[in-house]
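Okay, thanks everyone, let's get going. I'll put the structure up and then walk through a few parts of it.

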Amino acid sequence: MNLEKIMFMESDEVNSVRVRKLYEFVQTNLFFGDETLSVGEISRSYNPLVLFTILTSFLNGKELIFGDYGSGKTTSAERISSLIKAVPLEFIQASTIHGHPEQTEEKLKATLDLAALEREGKEVIRWKLLPFSPAIIIDEINRLPVGKQSMILNEVDRNIWSYRGETLIFEDTKPFFGTINYQDAGTTLLIPPLLDRFDVAVETTMLHPVRKRLVRRGVDDSVLRDPKLAKEMIDYIMEMNLSEKAGEVTKYVEEVSESFREVIEERARSMGFDLRVPGKDEAEKIRKEIESYPLSTDFELLMDYLGQEVYCHLGINKDFSKCNGCHYANYICSDIYAISNRAEKSVTLYSKAVAWWNGDEEAGILHLVTVLPFALWHRTEISDRKRSEIREIEKEVSDEFFAVKDSLAGVKKRWEEHRSLQIEAYNLLKRGEERELEKMAELVGHPFFKSLLRR
Amino acid sequence: MEFLEEILEETFERARRKLYYPPIERFEVVDGMSEFHFGRRTKLIIGREDLVANKKALEGFFALNLNHWARHPYDLKTVLLEEFWLKDFEKRSEIRDLFDDFVSALDLIFNRGIEEVIDYYRHAPTRGKQDVLMRAYLQRVSGERIVKASEEIESRVDELMKIDFLDLRRIRLRMNIVRFAKVVDDLIEGFEPKIKVDKIAEDDLRQAMREAAWELDDKEYEAFCMFIGKKTDTEMKKPRKLWYMERARKYSIYIQPLAKTGSIYPSEIKEFEFDDGIESYNPVESYGKLIPGIAKKFVYEDFEGISGGMADAVIVMDSSGSMTDPEKEVSYAVLGAFVIARNYLENGARVGVVNFSNRNISLPPTRSEIVFDHLILYQGGGTHLDVHELGEYLKRIGTQVDLIMITDGGIENIEEVEDFISRLRSLTLIWIKRYVNGLKEFRERIDRLKRIRSVDVFDVENEADIPSMAVRRFGDFYG
């Protein structure tokens, strides 16, 4: 972290250090999970769920949380949102949507004021809590009808909410968390276009026996609680939930957040933690800081390489049955289905975030390799062959996550071998030496090099 | 021992580096002969006998084998095609293996500058006359001293010099390997090929055989399947059907979506207008009244991207005597029908078939491969479509299906058919006009059907017309 960057910040503490302290606080007090994710070679490990949920909160991203019943999927999202957005936990819990097939737009988003309709014949729209909540959490999103999933994702994407011709437009976007059980009866599959909207997906981790014991005893989340304030907030919003008053409501929520932030910090201090929860403007600065983080050349090179290796080389319509005996069967194209443009964007943003988190100068290979499986495993189909290869291997994550991570490790190894050739190939392309490039593509035979010949 | 392993490891990596790191990352030394397998997690299997006590030679040996993946034969399909092209030679596998080594070695020397392969041939044991020939040939083309060859061998080398081994275009490859076989056939003795077709995994073999359909015509493909099937335990039943199925994979056709997704939901409430269907009326939002400006309706929209929106299809297939017999030559009717069926089946829909000539042979909608059997079935009789039976068939199905008829137009009971079709809401008619274009009677019958408003007609004269076919959807059978 250079001096200029530090000087630029308003506080005397580097933002990433402040946010890492929030992580420590969550991990030791609010949500326990094994710290299985290493970022970089020498640095320490983190609980991936807590790390990515905190990053998603700051980036206003979208995260899918997988886990079994009662493993803390919703709890983690609610507690972390309450802490980062500095609103009482009860308020976040009240605005959490529970997925079930009977959910309707009226129950989720807004409804007509029936009294006004009856008395005055006027259509008055009353918005629900959801549009005003600083974080959107949908519990068991796969139990929600697909149309509703789509509607909410679209509206959260832009933070523009519409109902019966009235529209609420908010300046800022907000984070979105969907929790999901592994498939069972009563759940519907999330369709690929919807899965693709989630930047990252994390799983609840296995628990160390000591942590398990702590969970058994019960986690004290009173540091985030204030039922009275939450009730006041809900009452205020329910009274002021007209479109023309949306600005006032937003301002009110921000003001509550400003004051409740101090309450949380004070409570944390009494527990021996020096926390500084970033306010709205500071959070915005953090987001911009992350977005403007530089990418290393190697980051771009590996992404270029991976992007080409994943295509099916026997035709644009991928079909894993074609992989039998195929010349390219040893590449990632025979393991996973595709990497969408949205996925590449998520990978880039979250890699920057992880580099920022770690206090590194730029987002490089280590950050990319850390983020890639989390950004891809939920959105890509995995071939049966790959699944069967890894099914029997001991692991602490799901088969799907492991399969994607394992395939990506293979790509990285190949890329390391081809890296210098890749740079040479780009130089040839830059100089317009097409014949040389063609020759190189033929000799190397890897899809990336062949792709450079495409017009 | 450890030292030897280190040397092998280091030499293997050096060879990989020189070949720009092919994705074959491991090797295993075995007591038997060297082998090469295409497929996932490929590793080189190196027979202990092939390990030569010279580092450069060893590197050449690794490179030679790695180049089987990188350059030639490149994939399993090529191996099978080479075996097939050599079907008249008893020692075809050995010849093919030797030929592949020739190509691989020459590519290493001339395209990649990896001359260690010459060292390999200098140090490797000579097991038969074919090995002497190989060395003599390499000696001639490289100018390096490798072997002392007899006059007879040298004269064979003269013949081999006429072959351009590095021209790997399919048509040249086929000629080259046959010419090569004629030169080396009687020299082959005492060696095991590295790639043994009968040892290839069933799934890999099947897929490679399927892919070969793209490169062979229908008759050749049939012969190919029979030949490879005999040689291995993999019997490809009905190769002609398989050929059509593989060819059909080349084409996607447009199927007009009934809905983007297959399920709709009330997305919006709008003013009810008097020409709207009463089923869209929303009594709750309209206060139970039907007054202009107050009455409301639901507007339905698709769920984003849900699959399952495909209706089932029924293909009414003319297999009368005027149509091409798919067993004798390429039938574009069958190919077109396979393309349509495949597009529906791959999207999770079911396909039914009514194959008609003198009688209707009907198959209810199914996702089974049996659909293709009914489509390729050739009755070869008159052209009479039993419309009563077809109507009963559609009634039995009960649900809405997409109806596609494929015919050359020679329908004898055209009045009945015309009457039946005019009562349908929509029909996609594929007119196979290759052989009947000039026949006035056939054209007139098709023109009669074309005049029906609900009929979309696509003309197919040759294979290039197949991708232009499209299937229009309809809501109900009858308008």
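Quick bit of vocabulary before the tour: when I say helix or strand, I mean a DSSP run, at least four residues for a helix and at least two for a strand, numbered from the N terminus. And keep in mind that this is a predicted model.

With that vocabulary, here's a spot in chain B. B:Lys328 sits in the loop that links S6 to helix H12 (332–346) of chain B. Is B:Lys328 buried or exposed? The cut-off for exposed is 12 or fewer other C-beta atoms within 10 Å. B:Lys328 has 11 of them, so it counts as exposed. What I like here is the partner: B:Lys219 is 109 residues away in sequence, yet the C-alpha to C-alpha distance between B:Lys219 and B:Lys328 is 8.2 Å.

Let me zoom out to the domains of chain B. The assignment gives four pieces: domain 1 (2–197), domain 2 (200–248), domain 3 (264–302) and domain 4 (312–471). Taking centres over C-alpha atoms, domain 1 and domain 4 of chain B are 52 Å apart.

Now the sheet that S6 belongs to. In chain B we have an open sheet of 6 strands, ordered S8-S7-S6-S9-S10-S11, and the pairing is mixed. At the edges you find strand S8 (360–366) and strand S11 (455–460) of chain B, each pairing on one side only. On average, neighbouring strands in this sheet are turned by 15° against each other, if you ignore direction.

Going strand by strand, S6 (residues 312–318) and S7 (residues 351–356) of chain B run parallel, with 6 bridges between them. One of the bridge pairs is B:Ile315 with B:Val353 in S7(B). Further along, S9(B) and S10(B) are also paired in the parallel sense, over 4 bridges, and there B:Ile406 has B:Ile430 in S10(B) as its bridge partner.

So how many residues of S10(B) are buried? It's 6 of the 6 in residues 427–432, so the strand is largely enclosed by the rest of the structure. As a reminder, in a regular strand the side chains alternate between the two faces of the sheet. In S10(B), both faces are covered: B:Leu427, B:Leu429 and B:Trp431 are buried on one side, and B:Thr428, B:Ile430 and B:Ile432 on the other.

There's a helix on this sheet too. Helix H14 (residues 387–397) of chain B lies across S6, S7, S8 and strand S9 (401–407), and it runs at about 15° to S8(B).

One more stop in chain B, and that's B:Ile118, in helix H5 (residues 116–123). B:Ile118 has 24 C-beta neighbours inside 10 Å, so it counts as buried. Leaving out neighbours within four places in sequence, B:Ile118 touches B:Gly60, B:Ile109, B:Leu138, B:Ser142, B:Glu144 and B:Ile146. Of those, B:Leu138 is 20 residues along the chain from B:Ile118, with 7.3 Å between the two C-alpha atoms.

Over to chain A, which has an open sheet of 5 strands in the order S4-S7-S10-S3-S11, with parallel pairing. Strand S4 (97–98) and strand S11 (200–203) of chain A are at the edges with a single partner each, so one side of each has no neighbour in the sheet. S4(A) pairs with strand S7 (residues 136–139) of chain A over 2 bridges, and A:His98 stands opposite A:Asp139 in S7(A). Helix H4 (residues 73–85) of chain A packs on this sheet, touching S3, S7 and strand S10 (176–180), and its direction makes about 170° with that of S7(A). Helix H3 (residues 48–59) of chain A lies across strand S3 (62–66) and S11, at about 150° to S11(A).

Then there's a helix pair. The axes of H17 (residues 384–391) and H18 (residues 399–431) of chain A come within 9 Å and cross at roughly 100°, so H17(A) and H18(A) are roughly perpendicular. The contact between H17(A) and H18(A) has 3 nonpolar, 1 polar and 5 charged residues. Among the residues meeting there are A:Lys386 and A:Arg387 from H17(A), and A:Asp399 and A:Asp406 from H18(A).

Last thing, where the chains meet: 24 residues from chain A and 24 residues from chain B. On the chain A side, helix H8 (146–158), H18 and helix H19 (434–444) give two or more residues. H18(A) has the largest share, 4 residues. By class, that side has 9 nonpolar, 10 polar and 5 charged residues.

Technical notes:
Residues are numbered from 1 along each chain as its sequence is written. Chains are lettered from A and ligands numbered from 1 in the order in which they are written. This is a predicted model: local features need pLDDT of at least 70, side-chain atom pairs count only at pLDDT 80 or more; totals for chains, interfaces and linings use all residues. Axes are lines fitted to C-alpha atoms, for helices over the stretch in contact, and angles run from 0 to 180 degrees between N-to-C directions. Angles under 35 degrees count as roughly parallel, over 145 as roughly antiparallel, 65 to 115 as roughly perpendicular and the rest as oblique. Two residues are in contact if their C-beta atoms, placed from the backbone, lie within 7 Å. Ala, Val, Leu, Ile, Met, Phe, Trp, Tyr, Cys and Pro count as nonpolar, Asp, Glu, Lys and Arg as charged, and the others, Gly among them, as polar. Domain bounds come from an automatic or database domain assignment. Two strands pair if DSSP finds at least two bridges between them. A residue is buried if 20 or more other C-beta atoms lie within 10 Å of its own, exposed if 12 or fewer, and partly exposed in between; C-beta atoms are placed from the backbone.
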